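Me: I'm new to this one and I'd like to know what stands behind the labels people put on it. Can you take me through them?

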Amino acid sequence: MEKESLMMELTRLVQTIVKQSSWWEKRGVDCSILAAAFLCLPPAFLLLSSPQLPLFSLGVVLMGVSHGVITIKGTHLASHGSLSESQTWAKVWAVFFIEICGSFSSRAGVQGHIKMHHAHTNIIGLGDSSVWKVPSLPRSIYLFIAPLFVPIITPLVAISHLKEQPLAHIARTVLMVSLGLYSHYWLLINVSGFQSTVGALLCMLVCRGMFSMPYIHVNIFQHIGLPMFSPTSRPKRVYQMTNGVLNLPRNPVLDWIFGHSLINCHVEHHLFPFLSDYMCLKVKPVVSKFLTEKKLPYQQDSYLSRLRLFYHKYQELMVFAPPITELVGIQ
Ligand SMILES: [Zn+2]
């Protein structure tokens with residue numbers, strides 16, 4: 001009883017901040033960042049038509065960054081329905097961001113991220129992040145080479161998720177993913193003036209894969225290696241999330257492309273998944289102070305330190321089954 005009230009106490013503190021926040025703070029800031037990413041696309045396509053190497057390279061970087069913001073931050077917020085208060089619009093945004101921009105199935109994305117990862121964070125066999133494990137790959141290939149092929153692997157995984165889905169859903173996903181990929185290709189040929197199919201496809205791969213290495217890293221760094229729980233003796237939510245989630249430090253590139261909820265406010269995001277990136281940052285001081293005062297874990301580690309850990313303990317973390325943690329005496 002006393003333990004359950006810890007989460008209620010923290011929720012009350014966070015709700016007070018949310019109630020005092022404006023629309024701009026709740027949604028406006030993050031929607032503006034996404035809009036800015038879309039506004040960067042026309043100049044990026046035009047820069048890619050330049051015969052001068054520095055301008056062409058600038059186009060590649062601009063398109064890669066915009067694509068990263070839209071497909072990492074955008075798809076994540078859209079999967080949570082955080083981009084609109086209306087349920088219908090939230091669904092439209094999920095299809096737009098996840099299927100057209102992200103080349104993935106909206107239904108599989110929401111199912112995997114919201115209904116499994118968030119609902120069952122670090123519960124073995126449910127939300128244990130094992131979908132990210134490819135034990136057959138050696139560590140250097142998994143950590144540094146395979147991520148470069150994420151833009152090719154993503155639509156293939158989406159297709160594998162379509163089995164046993166209603167026909168209308170399969171047709172929509174195939175249509176939307178094809179629309180996203182083909183319009184990108186068409187614009188490279190017709191606006192940027194690419195002469196060859198291979199060149200345009202290569203440019204798509206480079207731009208779309210620019211941040212897939214940190215994307216894979218961030219997904220494994222923040223949960224794997226932390227306490228994992230058995231589905232039959234799950235800890236209370238506040239213990240599950242504070243033990244099973246880790247924050248990475250702020251970094252301007254990752255802040256913009258991934259959003260605070262995936263980087264420096266991942267703990268806050270798992271405790272309050274309905275909050276936007278900006279709101280996670282706003283409640284962070286209150287959440288971290290509360291957890292520290294109540295002697296609950298508030299786990300933080302640097303990107304390089306996690307990378308070193310995963311490189312040196314790859315077998316233990318990414319190949320072998322994780323050990324189960326029992327939180328004795330605090331439940
Ligand atoms: Zn999330």
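Reply: Sure, let's begin with one helix. On the other side of helix 8 from its buried residues, Leu156 and Ser160 are exposed. Helices here are DSSP runs of H or I with at least four residues, strands are runs of E with at least two, and both are numbered from the N terminus. A residue is exposed if 12 or fewer other C-beta atoms lie within 10 Å of its own, buried if 20 or more do, and partly exposed in between, with C-beta atoms placed from the backbone.

Me: And which residues of helix 8 are buried?

Reply: Pro151, Pro155 and Ala158 are. Seen down the axis of helix 8, the buried residues fall within an arc of 55 degrees, so they line one face of the helix. That arc is taken from the directions from the helix axis to the C-beta atoms. An α-helix has 3.6 residues a turn, so residues three or four places apart point the same way.

Me: What do the buried residues of helix 8 pack against?

Reply: They pack against helix 6 (106-118), helix 9, helix 10 and helix 11 (212-221). A contact means that two C-beta atoms, placed from the backbone, lie within 7 Å.

Me: Before we go on, what kind of model is this?

Reply: It's a predicted model: local features need pLDDT of at least 70, side-chain atom pairs count only at pLDDT 80 or more, and totals for chains, interfaces and linings use all residues. Residues are numbered from 1 along each chain as its sequence is written. pLDDT is the predictor's confidence in each residue, from 0 to 100. The protein chain averages 92, and 97% of the residues score at least 70. Confidence is lowest in helix 17 (residues 314-319), with a mean of 84, and highest in helix 3 (residues 41-47), at 97.

Me: How do you know that the length of helix 10 agrees with what a helix should span?

Reply: The expected span is 1.5 Å times one less than the number of residues. For the 12 residues of helix 10 (residues 197-208) that comes to 16 Å, and the end C-alpha atoms are 16 Å apart, so the two agree. The buried residues of helix 10 are Ala200, Cys203, Cys207 and Arg208. They cover an arc of only 120 degrees around the axis, which puts them on the same side of helix 10. Their cover includes helix 4 (53-79), helix 8 (150-161) and helix 9 (167-190).

Me: What makes the protein chain as compact as a globular protein of its length?

Reply: The secondary structure comes to 17 helices and 2 strands. The radius of gyration is 21 Å, close to the 20 Å that the globule rule gives for 331 residues, so the chain is as compact as a globular protein of that length. The radius is taken over C-alpha atoms, and the rule is 2.2 Å times the number of residues to the power 0.38. Of the 331 residues, 37% count as buried.

Me: Why is Trp89 called exposed?

Reply: Trp89 has 12 C-beta neighbours inside 10 Å, so it counts as exposed. Its place is in helix 5 (residues 87-101).

Me: Why does Ser103 count as buried?

Reply: Ser103 has 26 C-beta neighbours inside 10 Å, so it counts as buried. Ser103 lies in the loop between helix 5 and helix 6. Its phi is near 55 degrees, a positive value in a residue other than glycine. Most residues other than glycine have a negative phi.

Me: And why is Asn122 called buried?

Reply: Asn122 has 25 C-beta neighbours inside 10 Å, so it counts as buried. Asn122 lies in the loop between helix 6 and helix 7 (139-145), and its phi is near 60 degrees, again positive in a residue other than glycine. Ala119 is found in the loop between helix 6 and helix 7, but Ala119 is exposed, with 12 other C-beta atoms within 10 Å.

Me: What makes a set of residues a nonpolar core?

Reply: They must be buried Ala, Val, Leu, Ile, Met, Phe, Trp, Tyr and Cys residues joined through C-beta atoms within 7 Å. In the largest nonpolar core, which has 41 residues, Val69, Ala78 and Phe97 touch the most other members. The largest share of this core, 7 residues, comes from helix 4. A second, separate core of 19 residues includes Met241, Cys265, Leu275 and Leu281.
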